[in-house]
Structures are given as structure tokens and as C-alpha cells.
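Subject: Structure for your review

Dear colleague,

Please find below the structure that I am handing over to you. My findings follow directly after it.

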Amino acid sequence: MSRKVLLIEDEPNIAEAIRFLLTREGWQVETHAEGADALQVIRVASPDLLILDVMLPGKSGMEILRDLRELEDMQGLPVLMLTARGQTRDREMAENAGVSRFMTKPFSNSEMLTAVRDLHAQATQS
Amino acid sequence: MATLNVLILVCLGYVVLLFGVAFAADRLAAAGKGAWLRSSLIYTLSLSIYCTAWTFYGAVGNAARSGLEFVTIYLGPTLVMISWWWGLRKLVRVGRSHRVTSIADLISSRYGKSNTLAICVTILAVLGGTPYIALQLQSITLSFSIFADADPSGLYREGSSVFWVAAGLAVFAILFGTRNLDANERHHGVVTAIALESVVKLFALLAVGAFVVWGVAGGVGPMMDRIDASEIGHWNVDTGRWTTFIFLSAAAFVCLPRMFQVMVVENTDEGHLRTAAWAFPLYLLLISLFVVPIAVVGLDIMPEGSNPDLFVLTVPLSQGNDWLAMLSFIGGFSSATSMVIVTAMALSTMVSNHVVMPIWLSTQGGSGSVSGDVRHIVLLARRISIAVIMALGFFYYRLSGGGAALASIGLIAFAGIAQILPALVGGLFWRGATRTGALAGLTVGFLLWIYTLLLPGMGGVLMPESVLHSGPFGLSWLRPQALFGIEGMDPMVHTVMWSLSLNTIAFCVASLLSFPSPLERLQAAQFVNVFDHSVAPRGWTGSVAQSEDLMIMTQRILGAGPAHEFFQAEAEKQGGRASLPEPTPAFLERLERELSGSVGAATAHAMIGQIVGGSSVSVEDLLAVADESAQLLEYSGQLEAKSAELTRTARQLREANTKLTQISEQKDSFLSQVSHELRTPMTSIRAFSEIMRDTDELSPEEQTRYAAIIHDEALRLTRLLDDLLDLSVLESGRVSLNVGDDTLRSVLDRAVSSTLAGTSKTLTVRRTKAAERIPLQTDLDRLGQVFINLISNALKYCDADEPELTISAHDVGGHVVIDFVDNGSGIPPGSRSVVFEKFARVGGDKAGGAGLGLAICREIMQRLGGEIMYLPGQGGAAFRVRLPLAYQQAAQ
């Protein structure tokens, strides 16, 4: 069973690191670095999991998440959000927007993998 | 013949009678009864204090000496009363409406309430009055001596009798003139007493006259024959003397302090003047009726050398008619006492009001708020003044030796007091008369009177004979009795002519030349047009007042609640059950006080005046209102200024607060940005270092690549920290500049080569090196840093296929301008304003910059005294750097 993750992140080095980690876990990893057209990309890719950066060129991760949760068929998509700002206000905003998991950069690789596994398990159970 | 003891007893009895009359009149007046006390008859009789002992005894003496000339003394007042009663009415109206207390008060009030003038008039009045009082003392003493000569006991001593007479008169004047302080200075008791005395002296003189005509001469026919036979009967008119005397007596009638007292101050009704206009001349006619017969008979029957001044006494005595002589004595005594009492009262009012009280008040620390009861001090001042004035009269009498004829002393006093006339009449009828004019006229007239009449008249005591005969310092044209070489004139005529004419000229000229103060102008208008301004009584007479109107007005000023409460309380106080109080004067006064707390005294007075209608609003009221309004305006102006200041302060505070909030937000945003910029490279470093640590099966290529990423991100972190530190140093202003000299060209050379070295990207840099030979004196490294930043920006962001950067420089009057223009798509207009802000990211900045470069450039250029700006309209991204050729410390 193929598991697909979509990673939206504008820092190429971070994207490369996550791709490396998740590929080894058996995920099919797609990446995208723009905020503006992110919603379309998500629709096209139709991933099992979405990893979303907050600070994106064009449109912020917060807005993308909010718009995403408006869509009927995207209610159940697990979303892991990453931010480099790490302020409590950002975490609250993300939770209100309907985030599944919120992580502050820098994170440890095991932390990332655990989160991805948990989210996937929850999604498949329900 | 009556003994001296009988005489003294009669005098005492007479005085006790006067006391009784005065006391009873005061009681009646206080009880509000006795309207006759204020009748025109009493008023007319009181005017006859004009006829003093001088008239009583002196007229006969004068007739015996100079024939019919004595008539002039009666003609003056008669002419005034008959032909100038309208002028007197104006005087009375002015006096009453301004509540004038004396002639000095009137003059001072007219000329802008000048106390200097009041003091001048007071001094003049005291100096003029002193000989006159002495004259009365002399007449009483002389009449005593007539009886004393015949007294066998020989107890009489002239000196002591004068003293006791003076002391007795002083006591009487003090007792009745200063019993209480009335706002209008009216003394019903005294006026009634002197009216009685007028009757007594007229009756006495008529009785003596009748006795002489029918008892001695044997009827009217024989009497006329006797007169025709004597020299007195011949009309021997010296026109100069007659005119002078008529004029003098007329002037004195108006100006004498005691006449002013009874005519103006004690006047209770203007209408009385109508009666007095015919009744007073009639009185004068009656009192002068028998002067000539008595003089003629006296000259006939009395031994050679007897004093004609005393014929009124000696003729009845010589005929053995003791009782008639006694009556005559009482008549003379009456004339003297009434004159002395009223004069002392009038003068003491002037002295205490204009001399003593100002001095006393100024010794009270000048704190204009003597709120305590000063009545007893005023009364004490008056009593002492009376005593001093009487003492002056007494000493004048002792000094002058009592030798001069009665008539001449009287005339000297008249001439002195007449000096007030120009200022008085001018003040009433000429608006242009000023204080300076009045002072000049009074001074000139007064000095001339002293120099030409008073001093020569006192014998060689105060003026050496040499001065009299050949002038001071031998200047003959300054001889006191022949000024400017005009000789041969009668001394009295000479004095009156010179003093009054020069007085009037000085008054007019000084008035025309001087400029009146606003108060003077106001008073002038009020005095001259006194009949146009209706008399404003101080107390309110609310007979026509509408309580409802007052209520409405009060509501507007105090507000509905307080106004209602006030009126309710007042209505209850009056005991009525009506909700509105009756507009009684007391209520109106309380209302005025209440209102004046809110709108000021003058306005309150004017407003109530409007409604009550008892008085229209006078010019003075309006001016007072204007004054108050001006004060209110000034006050509200101050309030406005204060309020504007507060508004300004509030705005400044608001601005400061906004700025602080902005700075705080900027700080938060900055920290958040810094956090982001630090965390991003650290995320990569951590992720890849964990991958390398935890993953065994990494290929050598992967290992190399991931190590390179870690290295690059570490460098990026370092650069970021360097920039942050640099910016912090530059922003704090603690940067130390290292100023050196070089050309622009070499600075640019170094910047270009160091930027382009070690990069794989291509950028063509176009320069006009010839134009770059501009010598600079600045921090060359910092300037280079700016150039490197701009060139590397072009290197990083220029999106043209073949990137080009054109650097052009030119010298503009003390400054050098360097433009950096590339051929890319430039910065979108919306972002141009923020490119110099910290962490500004234009578009997707993937070139690894933290967005601090241009912020650092801006700070550097500011330190160097220049600037950096975005240059729109150049096709690509364009920046302009502007820099002074020589670095100036002040530019920091």
C-alpha cells in the first residue's frame, strides 16, 4: 500500500532532509515550494499526509490550512505544520485553523518520524 | 442794665433750647415723622446762614462807614437765586445723584475723583474759613464786651471769653454735626436748629429796626428825613467796587463750604429751590430793611468814636431798652453760632474725608480691604477736625488782634473762596474742563489771593513793609497791591480782578492743553449732562417690579433649582403664603447680591434696574459691565490657552504612546524575525547531522553533499549574526568611523573585484572610470561595504538573461552622487518603500540573504552624512548613493 506525503516547504535544504527521512520510511514524497498555488497542488497530489511550513512565499501556511479545511473532502487530511517562529500565538492560530500536529523548528528526526507515524495511524484507524 | 451773669445764663439757656430743638428734630426724622422738617420753608431758612454775625452787626457798620455799599453783599445772592436758580438746580442734582458730601468732594468727583484736587479745595476752604470763624468769635466777644463794660462786677476778661465761646461752639458742632454717619451727610437736627436761629436773628434785627424807626426817630416820615439828611442816603456808587462785591458775594454764596452744605448736601428735595428762589431774596430784603435807619440813627445819637459795628446793640442800650438789647444780642449770637457750627461741620467732613482718612488708610498697610468698622474712626477724625478748625479760628483771632473791621475780614474770606468758582462752574457746564485745568486755575488763583490780599491784610507780620511798597527783590511790577504796575486800584478789586481772571485763564488754557483720563471724561459727561442721566437711587424701589420677571431672569442666571429655592426662602421670610416674594427693597438688594456672585456686581445692578425700572442703566453702569466682561473675557482667554496647552500635551502624549507601541511592536516583530532566521539554518544543520549520525548506509556522495549543506548553513548563521551585530552597532550610534582619503574610483574598484571574485554567476559591470576621479574623505571601508552590498544585490537578484550593472558617478556641489542601475525587472512599486527595512524580503528571496543588507546600508550612509534611496523609473533595480565630499562631524 503506497503512502503519499506532500511536503510544502520553501527551504530546499530542509525539504531535502525530510524527503530523505520519509523515503526511507516507505513514503512516496512530493515537494512543493510555493504558497500561492499550494491548494491546487494538494488537490492534484491528493496525499495521505500533508507537511506544511508556515512562512511560505505567496501565501502563508496558516491561510492554506484554513482554506483547506473549508473544503468538504479535505476535512480528514492529517496536517503536520512546521514553523521557525515558535511563538505560542502561532500554535493557537494553527490549532484554530484545524492543524493535526504542530512542530517548531529545529526538530529532531525521530520527533518528525514519530509524528508522521502517529498521524498516519490515526488516519487509517478512523 | 443786664449783668454779665444774666447774659451768660441767657446764652446757655438759648444753647440748651437749640440742643432741644436739634435733638427733637433728629428724633422725629429718625422716626420718619415730621415731614415739615424737610419742607421748603426750613430749607430756605437754613440757607440764611449766609447771614452771619458779619451781616447782623457788620452791615450796619458798613453802612455807617461806606454808605449803601453794604447792599452789594445781599445783591449777589439775590441775583444768583433769582436769575441763576437753574444753575443751582443743576448743582443740587449733581450733588444728590453723586452723593457728594462737600464742595471738595464735588470738585474731586467731577475731575476724575482726584484726591489732589480735593485736598487743594479743602486747604483753600480751611484757609478761607478760618478768618471767617475768627470774625464770628470777634463779634460774639465784642457784643459781650458791650455788656461787660457796663457790668460792675468786672469779672469779664476778653481772652478767656473768646476761648470759652470757641470751645462751646466746638462742643455744639461736635455733638450735633457728628452724632452719626449718614450716607448722605444729612443732619436734620442741625438744619432745624439753624432754621430756628434764622428766625431769631431776623426777628431780633426787625425788632431793633422797628424800635429805631418808631421808638427813636418817631415814625417813617421823620426817619426818611433823617436818612436824607445823612450822607448814607446819597447814592455814591463806585462801579468797580460794587461790581466786584456783588460778584464776590454771588460767588461766595455758591462756593462757601457752609452754603454748599445747606444748599446741596442737606437738600432733600430739588423742588425746594423753587420756593427758595423767591423766599430767600425776601429774607435778605427783610434783614437788610432796617440797616440804613439803624446806621443813621446810630451815627446821630451815639457819641463820636463808638464802633458802628455794634450799633445794633448799643442803640437800644443807650435808650435804656435792656430787653431789646438782650434780644439783639441773642440775634447776633444766633448768627455767629449757626455759621460756626455749619462751617465746622462742612470743613470737618472735607478734612476727614480727603485728608485724614486717606492718610489713615495708607498707614493701614494700604490693604484696600479695611472691612472692619471704620465709622468710629471717621467720627473721631471729624471731631478732631472740628476742634482743630475752631482752634485755628481762635488763634487767627488772637493773632490778628481783632482789630480789623468785620466787613473787611469777611470780604477777604469771600475772595479766597471765590477761587473755586471757575473750576466749579466750568465743571458743571464745560465738558472739556480737565483735572489739570482745575488744578492750575485753583493754584494760580489761590497763590494770587494769598500774595495780594491775605498777607498784606495781616499787617507786617508775615510780609515785610518793603515788599508791599516796592515789590519783592525790588521788582516794582510785582508789588502785591499793584501787579504789573497797575496802581491806584482798590486792593479788593485789584485782587479779585487779577486772581479770578488769571485763575480762569489758567483753568481754560490748561484744560485745552491737557488730555482727560477716561474716568474724567465719563464724570464730565455725567456732570454736564446730569439732567439727561436720570438720578440713580442706590436703594431699590420695587413698586413696579415684577417678581415673575425677576424670577425668570434669576432662573437664567442661577439655574431653575437655585432660583426657585432662593425665591421660596425669600417669600417665607416675608411671611406671605404666595410663592413669589414681594419686591421689597430689602429683597431686591439681597437678590442683587445673589446675582452679583454669578455675573458681577455691575451687571447684576443693571439687570435688576432694567426690570424694576426704578432707574435706567447709566453710562457708569454700562462701563462697569464692560469692565467686568473684559475681565471675564480675559479669564476665559486664559482658560482657552490652558485648554489648548492641555490638548497639545495630550496629543504629544498620544503620539509618544503610539510611537512606543510601534517601537514595541517593531521589537516583537524583529525578535520573531531573528528567531525565524536563526531557526531555519539550524533546522537543516540538525536534520542532516542526525541523518549522518544515525544512517549507516550513506553513500560517500551523499555524505559529502550533506556535510556541504551543514557547512553552508553554518556560514549563513555566521553571516546573519555578523549582520545583526553590525546593525546593532550602527543603530546605537556607537560606531567609530575610520575616516581616510581616497578617490571614489579606487573604492569602487575594490568593491567590484571583491564581490565578483569567487562567484560562479556572471554580472557585467559598466563604469565611466574618468568620472570617478573624485577625491573622498570618509570612512572608506564602510562606504565600500555599501557598494559591495549593492553590487552583490544586483548579482543575486538581477533576473535578466545577461545581467548588467551600470555604475555612474557625478559631482554635485560638495556632494558626490553614485547610481547603481541594473537591467533586471526591478523592485515592484509596492515594495520599494520597505526595501530598506530589516528582514524585508522582496518576492521569494532564496538567495540566502537575511534581508538586513539594505538596512545596514541605510544606517551606514546616515553615519557618513549621506543617504541611500531607491531610484524609480530606471528600467531595472536602481539605487542612488549620495555622499558629502568631505566627512563632517556635525553630519552625524
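Helix 1 of chain A and helix 5 of chain A are oblique to each other. This orientation follows from the geometry of their axes, which cross at roughly 55° and come within 11 Å; an angle between 35 and 65 degrees is therefore classed as oblique. Please bear in mind throughout that the model is predicted.

The two helices span residues 12-24 and residues 109-125 of chain A, respectively, and their crossing is right-handed. On the side of helix 1 of chain A, the contact is made by I18(A), L21(A) and L22(A), which meet N109(A), M112(A), L113(A) and V116(A) in helix 5 of chain A. Sorted by class, this contact holds six nonpolar residues and one polar residue, with no charged residues.

As for chain A in general, its secondary structure consists of five helices and five strands. Read from the N terminus, the order of these elements is β-α-β-α-β-α-β-α-β-α. Chain A has 126 residues, of which 52% are buried. Of the contacts in chain A with a separation of 6 or more, 60% are between residues 24 or more positions apart. The exposed area of chain A is about 5,800 Å², and 45% of that area is supplied by carbon and sulfur atoms.

I turn now to chain B. Its 892 residues include 50% that count as buried, and its secondary structure contains 33 helices and seven strands. For contacts in chain B between residues at least 6 apart in sequence, the share joining residues at least 24 apart is 78%. Chain B has an accessible surface of about 40,200 Å², and carbon and sulfur atoms account for 59% of this surface.

Three local features of chain B may be of interest to you.

The first concerns a pair of helices. Helix 9 (residues 188-217) of chain B and helix 10 (residues 220-229) of chain B have axes that come within 8 Å and cross at roughly 100°. The two are therefore roughly perpendicular to each other. In their contact, V213(B), W214(B), V216(B) and A217(B) of helix 9 of chain B meet V220(B), P222(B), M223(B) and R226(B) of helix 10 of chain B. The residues of this contact comprise seven nonpolar and one charged, with no polar residues.

The second concerns helix 33 of chain B, which covers residues 853-863 and is mostly covered, with nine of its eleven residues buried. Those buried residues are G853(B), L854(B), A855(B), I856(B), C857(B), E859(B), I860(B), M861(B) and R863(B). Their cover includes two helices of chain B, helix 29 (700-732) and helix 31 (780-797), as well as strand 6 (867-870) and strand 7 (878-884) of chain B. After helix 33 of chain B comes G865(B), which has a positive phi near 85°.

The third concerns a single residue, S109(B), which lies in helix 6 (residues 103-110) of chain B. Is S109(B) buried or exposed? Its relative accessible area is 8%, so S109(B) is buried, the cut-off being under 20%. Leaving aside residues up to four places away in sequence, S109(B) touches H98(B), Q523(B) and F527(B).

Yours sincerely,

A colleague

Note on methods
Residues are numbered from 1 along each chain as its sequence is written. Chains are lettered from A and ligands numbered from 1 in the order in which they are written. This is a predicted model: local features need pLDDT of at least 70, side-chain atom pairs count only at pLDDT 80 or more; totals for chains, interfaces and linings use all residues. Side-chain values use heavy atoms; hydrogens and water are left out. Axes are lines fitted to C-alpha atoms, for helices over the stretch in contact, and angles run from 0 to 180 degrees between N-to-C directions. Helices (H or I, at least four residues) and strands (E, at least two) are DSSP runs, numbered from the N terminus. Angles under 35 degrees count as roughly parallel, over 145 as roughly antiparallel, 65 to 115 as roughly perpendicular and the rest as oblique. A crossing is left-handed if the near helix is turned anticlockwise from the far one by less than a right angle, and right-handed if clockwise. Contact means heavy atoms within 4.5 Å. Ala, Val, Leu, Ile, Met, Phe, Trp, Tyr, Cys and Pro count as nonpolar, Asp, Glu, Lys and Arg as charged, and the others, Gly among them, as polar. Buried means under 20% relative accessible area, exposed over 50%, partly exposed in between (1.4 Å probe, protein chains only). Accessible areas come from the Shrake-Rupley method with a 1.4 Å probe; for residues, only the protein chains shown count as cover.
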